[in-house]
Amino acid sequence: MIVYHGSIKNFQNFTKETVVQNLSNDINTIGFWFTSDIHTAKPFAIGSETVIEKSKSEFWENGEPKIIQYEKPVTGYLYKVYIDELNLKIYESNTEESYNLFMGERDLFCDYLGAKKRNFTWKDGAILLNKEEANTAFRKSLMKQGYEGLLIKKALIHNMMTDLYCIFSEDSLLITEVIPLDV
């Protein structure tokens with residue numbers, strides 16, 4: 001199966017250290033995320049990087065240049081990736097959004113700020129206190145059930161509909177093409 005991944009980073013292989021996508025709702029560390037089509041992967045290849053350098057126009061009283069920090073817009077790469085047919089937990093519904101089903105199941109592992117006063121969920125926009133622990137526990141729970149990843153059918157990402165894949169291990173991922181993104 002062919003899927004797509006967008007990143008501002010250039011890399012040759014997927015590893016836990018080099019690949020993190022900027023996904024909403026603190027789900028990026030569950031696994032490696034992919035879309036079913038190239039167009040919905042493009043926004044993930046557009047971002048910014050922090051630049052720290054000596055100023056060419058701002059100086060201290062002694063003439064030394066000030067150190068400035070700013071965000072520089074960058075465009076990255078689209079990765080066409082082959083994945084084996086894996087055992088995926090599929091989130092799909094005719095009555096509610098598939099993404100809501102997925103997030104509802106993940107919420108069982110989440111602790112939100114203020115949750116002792118009432119039962120917060122991801123929909124409340126509350127601050128997640130245990131992102132890493134929640135994502136790890138959710139992933140391990142699915143792996144214990146025999147799943148190697150998950151599939152959220154018809155997810156709305158960047159105002160586009162796509163199937164959203166999350167694969168837990170880099171072992172089954174083969175990059176077949178790296179496409180530099182020109183905007």
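Leaving aside its neighbours within four places in sequence, Asn 135 is in contact with five residues, namely Asp 26, Ile 27, Thr 29, Ile 30 and Arg 106. The structure is a predicted model, and the points below take up the surroundings of Asn 135, the salt bridges and a patch on the surface. A search of the whole structure finds two salt bridges, and a nonpolar surface patch of about 260 Å² is made by Ile 2, Tyr 82 and Leu 174.

**Asn 135 and its surroundings**

- Asn 135 belongs to helix H3, which covers residues 131-144, and with a relative accessibility of 0% the residue counts as buried.
- Among the residues that Asn 135 contacts is Thr 29, and here the two side chains make a polar contact with each other at 2.7 Å.
- The contacts of Asn 135 also include Arg 106, a position that falls within helix H2 (residues 98-106).

**The salt bridge between Lys 89 and Glu 105**

- Lys 89 and Glu 105 form a salt bridge in which the closest N and O atoms are 3.1 Å apart.
- Because Lys 89 lies in strand S6 (residues 88-91) and Glu 105 in helix H2 (residues 98-106), the pair ties together parts that are 16 residues apart in sequence.
- The relative accessible area of Lys 89 is 16%, so this residue is classed as buried, whereas Glu 105, with a relative accessible area of 22%, is partly exposed; the cut-off that separates the two classes is 20%.

**The salt bridge between Asp 163 and Lys 153**

- Asp 163 forms a salt bridge with Lys 153, and the closest N and O atoms of this pair are 3.7 Å apart, which is within the 4 Å limit applied to salt bridges.
- Two strands are joined by this pair, since Asp 163 lies in strand S8 (residues 160-167) and Lys 153 in strand S7 (residues 149-157), so that parts 10 residues apart in sequence are tied together.
- Asp 163 counts as buried at 17% relative accessibility, while Lys 153, at 23%, counts as partly exposed.

**The nonpolar surface patch**

- Ile 2, one of the residues that make the nonpolar patch together with Tyr 82 and Leu 174, is found in strand S1, which covers residues 2-7.
- With a relative accessible area of 35%, Ile 2 is partly exposed, and this value satisfies the requirement of over 30% for a residue to be part of a patch.

Technical notes:
Residues are numbered from 1 along each chain as its sequence is written. This is a predicted model: local features need pLDDT of at least 70, side-chain atom pairs count only at pLDDT 80 or more; totals for chains, interfaces and linings use all residues. Side-chain values use heavy atoms; hydrogens and water are left out. A salt bridge is a side-chain nitrogen of Lys or Arg within 4 Å of a carboxyl oxygen of Asp or Glu. Helices (H or I, at least four residues) and strands (E, at least two) are DSSP runs, numbered from the N terminus. Buried means under 20% relative accessible area, exposed over 50%, partly exposed in between (1.4 Å probe, protein chains only). A polar contact is a pair of N or O atoms within 3.5 Å; within protein, one must be able to donate a hydrogen and the other to accept it, and residues adjacent in sequence count only if both atoms are side-chain atoms. Contact means heavy atoms within 4.5 Å. Patches are made of residues with over 30% relative accessible area and no salt bridge: like charges are joined within 9 Å, nonpolar side chains (Val, Leu, Ile, Met, Phe, Trp, Tyr) within 5 Å. Accessible areas come from the Shrake-Rupley method with a 1.4 Å probe; for residues, only the protein chains shown count as cover.
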